[in-house]
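Me: I'd like to get to know this protein model step by step. Please take my questions in order and show me the reasoning.

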Amino acid sequence: MEYDNYPAWKRHSPWIFRLSLGLALVVGSVILIGISASYTYEPEHQGLLLLFAAMSFLALGVSLFFLLTSIGKMRLAWRAYRRSRGHFTRSEKKINEERQNLLDTQFAAAELARHLLENSWRPMAPDWNVVLQPDEKAITRGVAHYARFYGMNVSYSQSSGFFMGRPSFVAVGLAATAIGNATRRRQAEAMAQSQWREQQIVQTLVTTHRILCQRSDGAWLSFYFSGVTNIDADAGTGTLILQFPDAEPLMLGGPGGLFAAVVAVWALHGYEGLRGYPGLQLLRRLST
């Protein structure tokens, strides 16, 4: 959060500088107004008076900008001070809770990676909702954010109108119809573009062979490691992206996604993956 790790002088200097400069400009504008008021209204002074007036208005406008921005910087400094004393807003508490949950998950994932590397892991108790293959063992389960990446065909309807009356009325009607059709076409094109879809929270079960996801409709989907063509795992954000030759890419995030990432790297790259895969560098630091 902004300013939290700043020393006191650096935390307060932005608003002090803006407030001081704003007040100085206000004083300067008042002096300019006073000087212009001391001149008698004579033709030879008209240009000078206009110059003073323009400079006064400019100084007042700039001073208003600095005064308003100083209030924002004051608020940031005040919130940083309050946080340093352990007082957080509701949104800040939620952010801190999410960060702590991610950190706890990262430590747990680092422990899982260590067990896999040392071959000291033990299969989980069977999940009676899932039928495993004879040589398949369940490693971990969790909750993950689920999404698939693909485009889709989208249809939209074009409207047409028949207008009668004055030429201006007909022209306006045709223009409105064209604008409406163009808007619907752009919306359909945006919806049809490839993007992450089906975003939802799923239950995950990761085994030695695959990742199983139970969607919100109750269906279980299997993503076998043997069919993966590309893996992108990031322990810092807790995300895993897998690509397949004959299916849409899969993205998992959250605790279940991070556990799945560890097992996927192990299943696809073996022990060398656990030792050297760049996306798991954070976990290796946590386990030391």
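**Helices, sheet and a few odd residues**

Me: Thr105 lies in helix H3. Is Thr105 buried or exposed?

Reply: Quick heads-up: this is a predicted model, where local features need pLDDT of at least 70, side-chain atom pairs count only at pLDDT 80 or more, and totals for chains, interfaces and linings use all residues. Residues are numbered from 1 along each chain as its sequence is written, and side-chain values use heavy atoms, with hydrogens and water left out. Buried means under 20% relative accessible area, exposed means over 50%, and partly exposed is in between (1.4 Å probe, protein chains only). Thr105 has 11% relative accessibility, so Thr105 counts as buried.

Me: Which residues does Thr105 touch, leaving out those up to four places away in sequence?

Reply: Contact means heavy atoms within 4.5 Å. Thr105 is one of the H3 residues that meet helix H5, along with others including Ala109 and Leu112. Not counting residues up to four places away in sequence, Thr105 touches Pro255, Leu258 and Phe259.

Me: How many helices and strands does the protein chain have?

Reply: Both are DSSP runs, numbered from the N terminus: H or I with at least four residues for a helix, E with at least two for a strand. Reading along the sequence gives the pattern α-α-α-β-α-β-β-β-β-β-β-α-α. That comes to six helices and seven strands.

Me: How do the directions of H3 and H5 compare?

Reply: Two packed helices are described by the angle between their axes and the distance between the axes. Axes are lines fitted to C-alpha atoms, for helices over the stretch in contact, with angles from 0 to 180 degrees between N-to-C directions; under 35 degrees counts as roughly parallel, over 145 as roughly antiparallel, 65 to 115 as roughly perpendicular and the rest as oblique. The axes of H3 (residues 90-118) and H5 come within 10 Å and cross at roughly 30 degrees. H3 and H5 are therefore roughly parallel.

Me: How many of the residues in the contact of H3 with H5 are nonpolar?

Reply: Ala, Val, Leu, Ile, Met, Phe, Trp, Tyr, Cys and Pro count as nonpolar, Asp, Glu, Lys and Arg as charged, and the others, Gly among them, as polar. On the H5 side, the contact includes Val262, Trp266 and Leu274. Two residues of the contact are polar and one is charged, while the nonpolar ones number 14.

Me: What is the strand order in the open sheet?

Reply: Two strands pair if DSSP finds at least two bridges between them. The edge strands, which pair on one side only, are E4 (220-224) and E5 (230-234). The pairing in this open sheet of seven strands is antiparallel, and the order is E4-E3-E2-E1-E7-E6-E5.

Me: Which helix packs on the sheet and touches E1, E2, E3, E5, E6 and E7?

Reply: The sheet's twist averages 30 degrees from one strand to the next. The helix in question spans residues 254-276, and its direction makes about 100 degrees with that of E1 (138-150). Packed on those strands is helix H5.

Me: Which side chains along E6 point to one face and are buried?

Reply: In a regular strand the side chains alternate between the two faces of the sheet. Along E6, Thr239, Ile241 and Gln243 point to one face and are not buried. Pointing to the other face, and buried, are Leu240 and Leu242.

Me: What is the bridge partner of Ala233 in E6?

Reply: E5 and E6 pair in the antiparallel sense over five bridges. One of these matches Asn230 with Gln243. Along E5, Ala233 is buried, and the bridge partner of Ala233 in E6 is Leu240.

Me: Which residue in E7 stands opposite Leu240?

Reply: E6 (residues 239-243) and E7 (residues 250-253) run antiparallel and are joined by four bridges. They form a hairpin with six residues between them. Ile241 faces Met251, while opposite Leu240 stands Leu252.

Me: What is the phi of Asn119?

Reply: Most residues other than glycine have a negative phi, and most peptide bonds are trans. Asn119 lies in the loop between H3 and E1, and at 48% relative accessibility it counts as partly exposed. Its phi is positive although it isn't a glycine, near 55 degrees.
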